[in-house]
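Here is a walk through the contacts that hold this model together, from single ion pairs up to whole interfaces. Keep the viewer open as you read.

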Amino acid sequence: MRPFGYVSAPDVATAVRVVSTEPNAKFLGGGTNLVDLMREGVERPDTLVDVTGLPLTAIEELPGGGVRIGALVRNARLAADPLIRSRYPVLSRALLSGASAQLRNVATVGGNLVQRTRCPYFYDHASACNKREPGAGCDAIGGVNRNHAVLGASEHCIATHPSDMAVALAALDAVVELESVRGTRRVPLLDLHRLPGETPHVETVLTADELITAVELPHLPVAAASHYRKVRDRASYAFALVSVAAALHVREGVVTDVRLALGGVAAKPWRAHQAERVLLGAEATEEVFLRAADAELAAATGLPDNTFKIELARRTIVATLQELLTDGSAA
Amino acid sequence: MTTAPARPDAPPTGTSGPYVGAPVDRVDGVVKTTGAARFAAEHPYPGLAHAALVHATIPRGRVTWIDSAAALAVDGVLAVITHENAPAMRPVKTQSVLDLSTLVPGSTVNHLASDEVHWDGQPVAVVVAESRQIALHAASLVRATYRELPSTVDFATEKRNALPQKKSVVDPGRAAKGDAEAALSTAAVAVDHLYTTPVHHHNALELHTTTAVWDGDRLTVHEPTQGIDWTRKHLAHRFGVPVENVRVIAPFVGGAFGGKWHVWAGTLLTVLAARVVGRPVRLVLTREGVYRTVGGRSPSEQRVALGADADGTLTALIHTSVTQVGRVGGGPEPATGLSRYAYAAENVLVEQKQIALDLVPNTYMRAPGEAIGSFALESAIDELAHELGVDPIELRMRNEPERDPIDGRRFSHRKLREVYALGAERFGWAGRSLRPRSTRDGRWLVGTGVATAFHPANLFPANVTVRISADGGVLVRCGLHEMGMGAATAQAQIAADALGVPIESVRVEHGDSTLPAAPAASGSTQTASIASSLLAACEKLKRSALALARGSADSPLRGAKPAEVQARDGGLHAARGGETYAAILARAGRSSLDAAVGAERGFAAVAGQVRFMSKFLLDRRRWVRAASGAQFCEVRVDAHTGEVRVTRWVGAFDVGTVINAKTVASQLRGGIVMGIGMALSEATVVDPRTGRIVNPGLAEYHVPVHADVPPIEIHCLGDPDPTMPAGVLGAGEVGITGVAAAIANAVHHATGRRVRDLPVTLDDLL
């Protein structure tokens, strides 16, 4: 690993000040992704500003029924939190489907949002990758790409975002709070990540010196009936081929509220607005669910290795909605 | 349990005591669970330096420029060794069956002797530094440029150019009886399909690691190897020192599975680096480094064609394979081996072809040949059963051979009927519907499958000494390999029973080239091979003890003949009474009594090698010897997503004598777990454009996790093979065979979908 400086930040103001003044500095949370990438020589910071001592570890109920989650809450604790489990089960399940118990004990909410793709060519310094080295080309296109994106990809990058948690947050209309020397701003989670376009190395709207300090979930009654379904090659400890975060409310056979997001299919957690539009106000039947999935996936395109993901996403959307419908929680 | 009649030429089995067969705790259990056991990377040396490798990033060509300056500028870097400054090693010797150590080089490349690159990942430089962290960082700063030469790296496109494998004494590569193609074309029912398997890697928990210490021209190497003796000889040759000057130490190996059988680049380059810097040097490969420099299992394409009468009698069996070797090393993968012995077909053709690619040479991996060959053959049998509308076990039993179907040799211990009966009963096979897709449980499609497990049994010569001391303690000395399977425990049990002493008084010294040499731990041969010599040594020892006692007027054994003497209760006993070894030694005024078997040197060793090869070949002409089994599983396939989960497993095996009920079950279970990975998730992915391994790590090479593994029931017949020492057929590899086929067959039963390309993934089932 390349040598680097290390600073432990005593407070948020110092953390953001150091990162804004030191050249090539990065925030260090749980380190479960950043440190790996440093070992591989993909991330090459000169200074790490350790933020894990900052007081951003609360999970608080907000007036009006929402929840505010400190950015340094560890994944395991968030998954086990009673408020989260009862009001946003999709989030708890998404967290528990990710990584391993050991990693979840360390990984933070803020870090989870900005973890980087698992595209093997991104990890491999001997391969061409526009994300790692802008303009270098993309070896995944034309290479091994079974795990890659079918929605929102570009000719420059077909990587996917690996987070499960972020998919649930995308379904839940979460808002991310950012802090920098210029002050505080709030960004809807759906606007946090960017599609690759011509600049796949720019993955979020965060500036280099902005620290994620909190994630807020709105009051969202539909989320009480929600589920996360992750489909992968082995039963645990694998990234999603496709995942679905869904919340559904049905009254008298008609969908009165719905949230749907997909993981493993794009460079960002993919909110399925097209599908939601089909579902809302329609009858809650398998046929409608299929129609909704097809509407969302109409724009999907596959490569030889990953075209199966389109059909898999379609089936997983339908199966997840059906499950919410038949287990009674959606009524 | 069934019992085979004793045969006149049966060797002493020595397996009648209280320990053999019992679930004895591992003798190394405490040191391993407390962390006291030292593995190869855990030996401290003053002045120890650390190495890291720089790997080539092209498949074939020449290094045109290599820049070490940035690496050398890093504080704590001691040396950057490249082809420009490396001292020469001697080239690899030509392979010869008279010197089996010539088989151990993982590659013929003489590392850092030239600018040539033969595969993506080949080491082009070694960095030595004060710490591993510094070495790894400095290695990342070494820059190389290349002139690339044309290469062939893609198995899928090159397989059509495969040539028949060269014939060798160990594996003829081809066998035929009758005209299988003609019989196939006229068969009442036939199946004829291609099956493929990808590259696999061993992924032992312990990374490949070497600690090399030079003292003048004496070399000590801590190395987790499966072949201490051959590694020692190979290092002596490559570095031009007498064999006696090299000591290889490996008391504990943290998993190997074939991946630590050969001597790979990292080992040689560590020894070289230690010579260059004049300090002890340690190299612990990164996981990526293991993938790039240590071979894996060859991929394969296999054709299996079966023809049968309407009643299911096989008339034709064709099994051909294409596998790969590296252009600079590797060897045949005997994928069709099982098909020589499996079924009593009238007409048989087995043939192995191979191609050479510009990739890291392939190597052995748990059940080479049989692991992947059984996937193809046992899937095809299931397909034929489905075509015939016959239960797949019934089809197998109808075609169970009495003798070797090709050349009529006898089976020493053919127990497939028994293991199938046992397994079927324990699994609850009776009443299974033949119709695919006939069972559903909620979202899950449920199916069951079965396949034959089979692995040949062999023997290699082993040297052993046994000593009984005046205090009654027994010391067994043998350079055997403890790689987690319980090897030392098994030999302690055998010695305790053979000498009639409590197991607590037996100590086994192992894992060091200063001990009498053991054969490499491979081919599931170690327990039987060492038992053979150990039992003979114990016999000698008992005779020596009796000789001391019988001449003494005071001994209750006075005048006793060897045949009337029993070893028990810490000593020898005859009709008129007995006494302990301690008492015998005390009266004779001896501090200890020793016996040795083997331990030859010089000409005697060469003669021993010749004698061994002759017996090896003679035995092969006389007997077909093999461990076998029946693998039963239940799978559940998600009706929507195609996810496959294995939910139940029963394995019934004939491994001959079960020396240790606990460790044998663990070995077999471990093989099944590895087979589940092979069936459902494991594949080393090679970029077809560049020959570069795309997933060199455990994050993307998916071995099974706990959640993928169901409870696994293991049953063994426990019946000794009358032709094998201690009746042992070996349990290290048979467990993985048949597993992938049983799963693919169960997936077909669950879904109606036949998958012929491993791994079986959900995209095959959508």
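Which residue forms a salt bridge with Arg636(B)? The partner is Asp441(B), and the closest N and O atoms of the pair are 2.9 Å apart. One caveat before going on: this is a predicted model, and side-chain atom pairs count only at pLDDT 80 or more.

**Salt bridges in chain B**

Arg636(B) belongs to strand β28 (residues 626-638) of chain B, while Asp441(B) is in strand β18 (residues 440-441), so this salt bridge ties together parts that are 195 residues apart in sequence. The aspartate is partly exposed, at a relative accessible area of 40%.

Strand β28 of chain B also holds Asp638(B), whose partner Arg443(B) lies in the loop between β18 and β19 (444-456), so here too the parts tied together are 195 residues apart in sequence. The closest N and O atoms of Asp638(B) and Arg443(B) are 2.2 Å apart. How much of each residue can be reached from outside? Asp638(B) is buried, with a relative accessible area of 2%, and Arg443(B) is partly exposed at 33%.

Another pair to look at is Asp619(B) with Arg625(B), a salt bridge with its closest N and O atoms 2.9 Å apart. Both partners are on the inside: Asp619(B) counts as buried at 9% relative accessibility, and Arg625(B) is buried at 10%. Over in chain A, salt bridges with shared partners link Lys26(A), Glu43(A), Arg116(A), Lys131(A) and Glu203(A) into one network. Over all chains, the count comes to 67 salt bridges.

Here are some of the individual pairs side by side, including one that runs between the chains.

| Acidic residue | Basic residue | Closest N and O atoms |
|---|---|---|
| Asp441(B) | Arg636(B) | 2.9 Å |
| Asp638(B) | Arg443(B) | 2.2 Å |
| Asp619(B) | Arg625(B) | 2.9 Å |
| Glu643(B) | Arg229(A) | 2.8 Å |

**Where chain B meets chain A**

Now for the interface between the chains. On the chain B side, 32 residues are in contact with 35 residues of chain A. Together the two chains bury about 2600 Å², and carbon and sulfur atoms give 55% of that area.

How many salt bridges cross between chain B and chain A? There are five, and one of them joins Arg229(A) to Glu643(B), with the closest N and O atoms 2.8 Å apart. The interface also has 11 residue pairs in polar contact. On chain B's side, the elements that give two or more residues are α3 (132-141) and α8 (287-293). Of these, α3(B) gives the most, with three residues. By residue type, the side of chain B that touches chain A divides into 12 nonpolar, eight polar and 12 charged residues.

**Two domains within chain B**

Chain B has an internal interface as well. Its domain assignment gives domain 1 (29-37 + 462-599) and domain 2 (392-457 + 625-766). Domain 1 of chain B puts 14 residues into the contact and domain 2 of chain B puts in 15. The C-alpha centres of these two domains lie 37 Å apart.

Domain 1 and domain 2 of chain B bury about 950 Å² between them, with 62% of it on carbon and sulfur atoms. Which three residues supply more of the area that domain 1 of chain B buries against domain 2 of chain B than any other three? They are Met485(B), Ser524(B) and Ala528(B), which supply 46% of it.

What about polar links here? The salt bridge count between these domains is zero, though four residue pairs are in polar contact across the interface. On the domain 1 side, α12 (487-499) and α13 (526-550) of chain B each supply at least two residues. The biggest contributor is α13(B), with five residues. That side of domain 1 of chain B divides into six nonpolar, eight polar and no charged residues.

**A buried helix in chain A**

Finally, have a look at helix α5 (residues 89-96) of chain A. Why is it described as largely enclosed by the rest of the structure? Six of its eight residues are buried, so the surroundings cover most of the helix. The buried residues in α5(A) are Pro89(A), Val90(A), Leu91(A), Ser92(A), Ala94(A) and Leu95(A).

Conventions: Residues numbered from 1 in each chain as written. Chains lettered and ligands numbered in written order. Predicted model: local features only at pLDDT ≥ 70, side-chain atom pairs only at ≥ 80, totals over all residues. Heavy atoms only, no water. Domains from an automatic or database assignment. Contact = heavy atoms within 4.5 Å. Buried area = accessible area lost by both parts, 1.4 Å probe. Salt bridge = Lys/Arg side-chain N within 4 Å of Asp/Glu carboxyl O. Polar contact = N/O pair within 3.5 Å; in protein donor to acceptor, adjacent residues only side chain to side chain. Helix = DSSP H or I, 4+ residues; strand = E, 2+ residues; numbered from the N terminus. Nonpolar A, V, L, I, M, F, W, Y, C, P; charged D, E, K, R; others polar. Buried < 20%, exposed > 50% of the residue type's maximum accessible area, 1.4 Å probe, protein only.
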